Structures are given as structure tokens and as C-alpha cells.
Amino acid sequence: MITLRMPELATDGSSASALLFLLGFLVLSLAFGRRLLRVLGCRDDLGSASERAVTGAGLGAGVLQFVPFALAVAGRFDVTALRIAGAGVALLLSVDGYRVVKTLAAAVRASERPNKWTLVWLLALSPCVVVLFLIALTPSLDPDGLAYHLTVPKRWMHAGSLDYLPTYPYSNTPMGMEMLFAWAMSFAGDAAAKCVHLALGLLATAAIVLAGKRLASPMSGVVPATLFLVGPAGVAVVLGFTYVEGGASLATAGALLAWLIWFQQQDRGFLRAAALLAGLAVSFKISAALFPAALLALTVIAESDPARPRERTAGGVAASVLSCAPLVLLVALPIVPWLARAFLLTGNPLFPLFANIIPSRDLSPELATKVDHYNRYMTWGNSFGRDWPQHVRAKVLLAVAALWALLGAFAFFKLRTRVARGAVVVTVITGLAQLSAAGLYIRYSIPLTAAVMVPMAATLDRQLARRWVATTWIAVTLLFSLMQTRRILVDAGANIGGLVRTAIGLETRRDFLLSRLVLYPLYERANSLPADAGVLLSSSCGGFYIDRDTFCAEMVSDSLRFTSWEVFTADLKKLGITHLVAPSALATGGPTPDLGGSSVSVVTRAGQFQMVRRLLEQHSRTLKTAADFGLYEITAMPVAGR
């Protein structure tokens, strides 16, 4: 009889351990951030306690990713090593941690009660925030988390290093957030990883509020913070899951906040902190790569402004550029390790960017071009323009770019100072470059918008300061919060009662998963396969709960090709694939599944279904079925041409 147990690195029992880990992680991040702010030369008397805490937390959490990274380089990337390393770092930072706790306690005792408007605004946000915590404390259900944000670090921890993972091309990009997920899973499982992402996202929201307040007024922070968190395209929809937008947004919003402290109070230490945070944003999500360039360009403009008081004499733009050279090194510091790894594994340090120009492992120029076009034109608009062909989407994208440029021109002529106009130019160019590279897909742009929305709101400061606007905004916030709450609950397929019972341990996590993750029985059965089994996932890439090597047919790369039967079977043998999880219809002669067109996997899906159907019909046997899928064993490795 097969004994079923919780898969490795998944949280078991109640979520108390996840909350305890989160508390320790936040204290450790703040302690490390406190130390880093001092190393960077930030004066203790500048910036409020809240501003220093938020920027410090972003710095600390971001740099902590390199502890697991270093262990992986040494070939010791496993649970035991991560726990020992965590204890060691906590011991080294114990003095800073003690002072952080002491400072926080004193700040709470000395702080004044927030005004009634702020309390009501926070209350309006609370429905969404409460549900996000419940989602974070329950088992992982989100497709991307199960496909690679959790699966990739789990595979690496099994290997003991950051090995090349065939069919997981995103694992060759900067994976800073996944390093934090690995640390969390080694202590308290996937719930702890989700809590880390949620906490960083909420800190990003706080950073936006503080940046807006410093730049113009409280409303200039509250309005973009609300839109960022619970707006129609808000980050809340992914914040309770193991995505990376929360960490990347904290880095960009924290960088903006630190930059504003430097700009207003002329402390170069905070400028260095802003540069390091900008680099950390890219280490979390490569699509944030334009942000450091924009921040450096804006710094050059600000330093070369003759009307601005200087910390030292300067000689125009050329001297300002030279003075920013050390900042480039700080930006590069957290990015270079990931780019070096990508170069060693794929031959392309910017993988998957420019793979149509730079020869890249398992990504041919032809396939890279198809992926690039699909990401630019086809991943967005699928809720209202599902049937739009590419030429229509290209015109829509061009229209949005033109509108963005017109808004920039309006702001440019409305503003008067050189720095403000320079900021508009940098923002417009950055936005146009982002649109050109990634189209209108919101998730690619969330880290950028977290920072860009603050100066945009500041230009409307007089209008936002009106009493009726502030009152109306409370109602708008509550509406957005309730809408996002409903959307999150629908996506999770769970009611409040079920979430609460599972979070506190009254309902087992296995029961939760069996009732909400229809393929979970297949994952359990896969965990009884031989230890050297290789499982191909077709049409659904949720591999986190499988404790065997998995391969994702939905991720587009040349490590598993569907161009012909001979090529496909050769790749199966090379990868060591012995089993499949695939739609049952492909094995029984049923209709080809319709998975929609919002995923880049559409590029190779027709070939995938053709090859998998033939494999299942001619060379497999059924081990278990669940819902419309089955787990199949390859009974005899196909011979080329047969």
C-alpha cells in the first residue's frame, strides 16, 4: 500500500511556523538594512524612522538573496545549510537586530495616533489585506508559483546548486526572489515563501505612500499606493502567492524614496542606497532593467541643474556623468552575479533577451523571435480583445504609445523647473521603451509603475488636496478593495471559512488541496514513482508538489522540441523522461484541449499536442486519472520513425 505524505518543502499543519519565520525574516531584513544604510553613508538624522525602515527593509531583504546564492556556488544549497546560514546571519546581526526591535518599540510608544482619515483609508483596504494573508497562509494554488517560482528553487535544493534546468528557461534569468523563497521553504515551507512576498508588497505600498508625502503631500502618496495595491491592475491579485512583483516593487519604490531624500537633503548616502535598490529590482525581475537606467539619467539631470545647491562643485553634464560612475557599480553589484551565471549556462548574459542576436542555449534565433513577438503583442488584451489579430494589436500599442507621449508633452510644458522637465523626458522615454519591449502586459510593468505613479500623482497635488476628493477616495478605495477581494477568492476557489480553517490547522492541507487542486491526486501518485523518474507536464505545469524531476512542455525552449517525431523522441531520451501528466483526451482520441491564447506556450502548443497524443496513444499506459488529466508511464521508449 502506498503511504501518502505531504510533498517536500510544502508547509504542513498550521501556519504558525510561517508567521514566525516571517517575523524573523523582517527583523533580519531591517537589521541588515540598518547596517547597509550606515555602510553606504546615510546620515542617521535624515529621513523619518518610517522612511529609513522601509528603505532598510528593501536593502536588507534584497541583499539576503546572496546568502543562498553563495551556498549554491559552494554546492551546499540544501535545507540544512540554509538553516545554519540563517542562524549564522542572525547571530552576526544580533546587535543590529536588538537595536531595530528597541527602535521599533520606542517608535510605537512615541507615535501619535493616525488621523481619522488615515484610519478610515486603512480600514477600507483591510478586506483585501486580510484575504491576502489568508491566501498566503494556505497551500499554494497559483499556476506560476507551482510551475516555476517554487518548483525551480525546489529543484535546485535537490541538486545542491543552481544547475541548468532543461525546459525551465526562466531559471536562467535573475531569480533573487526565488532565493528568498528557498530560504523560507527551508524553514517553514511554501506558506512562509508566500508570506515573504506579501510582506514585501505591503512594504512597497508603504514606500509609495512615503515617497508621495515627501515629494508633494500625503494624498500624492495615498492615491498611487491605492492604485498599486488594489486598483483595477493592482498587484494584490498576485501578492498572496509566490510571484516576484512584491519584491521588485519594493526595490523600485524604495529606490525612489531614497532618491528623493538625497534630492531634498543632499545626503549622498541615500543616493547610493537608491542605486543599490535599483539594481536589486533587476535581480528580482529582469523586466525592471529600464528602471536603473532611468534613475541614473534623472540623477545626471538633477546634478547638472545650475539652479540646484550642490554638495560639491560640479562642471555641468560631463562632470555630473562622471560623478555618477560609482552609482553604476552599485547598480551592477546585485545584477552581475545573475548575468554571469546566465552567461556560463546559456552563453547569453541577458538571457532570454536578445536571444535572436546572441547565440543562446536551447533558444534558437527563430524561436526567440517568435517568443519576442508574442510577448509584445499577444499576452495582453485577452479579456476584451481575445480575437484581435497581431496587426490590430500593433495599432493599439502604437496608439497607447502616442497617448503616453502626448501626456508627457503636456506635462513638460506645464512644468517649469529643469529637473521636473527632465523627469518627464526620462519617464516618457522609459515608458516608450517598456511598451516596445513588453507591450501592454501589466505584470511586466508593475515594478516600473510602482515608482512612476508617484511623480504623476504629485503633478495633480492641488486637485488631490481638495476635501471632496479625499472623501471620495475613501469610497473608491473600499470599492477597489472589495472588487479585488472577490477576484482573489474566485481565483483561489476557496471561501473565507475554508481559508481560516486551513490556516489555523483545523482542516488539513491535503484536504484543502484535494478539494481545490484537481490534479493533486496525480501529484501524490507521481511521488511514489522511482526516484530517478522524469515527469513531463503537458498542458499544465504545476510541478511543485511533485518530488521527482519534472519537465514543462508549456515553457517554450529548444530543450524539448516538437518539430518532428524523431526530434521529440530523441529529446525524451536525452532528458530521461519516463512519465507524463497530460490531458486524458490526448490518450483516448478525444478533442484537442483549448487552453486559450494568453500564454507564450501557444507558439509551440500545436506541435506539443501532436507529439504527446502520438506518444500516449502508442507508447504509454495509464497509472491514474483525475479530472480531465492522467498520469501515464512510457511503456517502451519510442524508436525514431515508428
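## Exercises on a predicted chain

With 642 residues, a compact globule would be expected to have a radius of gyration near 26 Å; the chain has 25 Å, which agrees. The model is predicted, so let's work through it with that in mind.

**Exercise 1.** Find what the C-alpha trace spans along its principal axes, and what share of the residues is buried.

*Solution.* Start with the extents: the trace spans about 75 × 55 × 50 Å. Next, take burial: buried residues make up 56% of the 642 residues. Then turn to the surface, where the chain exposes about 26700 Å², with carbon and sulfur atoms supplying 65% of that area.

**Exercise 2.** Which secondary-structure elements does the chain have, and how many of each?

*Solution.* Count the elements: there are 30 helices and 5 strands. Now look at contacts between residues at least 6 apart in sequence: 73% of them join residues at least 24 apart.

**Exercise 3.** Locate the disulfide and describe its geometry and setting.

*Solution.* Apply the cut-off first: two cysteine sulfur atoms must lie within 2.5 Å. Cys541 and Cys552 pass, with S to S at 1.6 Å, and the count comes to 1 disulfide. The angle about the S-S bond is 95°, and the link is right-handed. Cys541 lies in the loop between β1 (534–537) and β2 (549–552), while Cys552 is in strand β2, so the pair ties together parts that are 11 residues apart in sequence. Both Cys541 and Cys552 are buried. As a contrast, Cys128 is in no disulfide: its nearest cysteine sulfur, that of Cys195, is 15 Å away. Cys128 counts as buried, at 0% relative accessibility.

Definitions and conventions. Residues numbered from 1 in each chain as written. Predicted model: local features only at pLDDT ≥ 70, side-chain atom pairs only at ≥ 80, totals over all residues. Heavy atoms only, no water. Helix = DSSP H or I, 4+ residues; strand = E, 2+ residues; numbered from the N terminus. Rg over C-alpha atoms; globule rule 2.2 N^0.38 Å. Buried < 20%, exposed > 50% of the residue type's maximum accessible area, 1.4 Å probe, protein only. Contact = heavy atoms within 4.5 Å. Areas by Shrake-Rupley, 256 points an atom, 1.4 Å probe, with all protein chains shown as cover.
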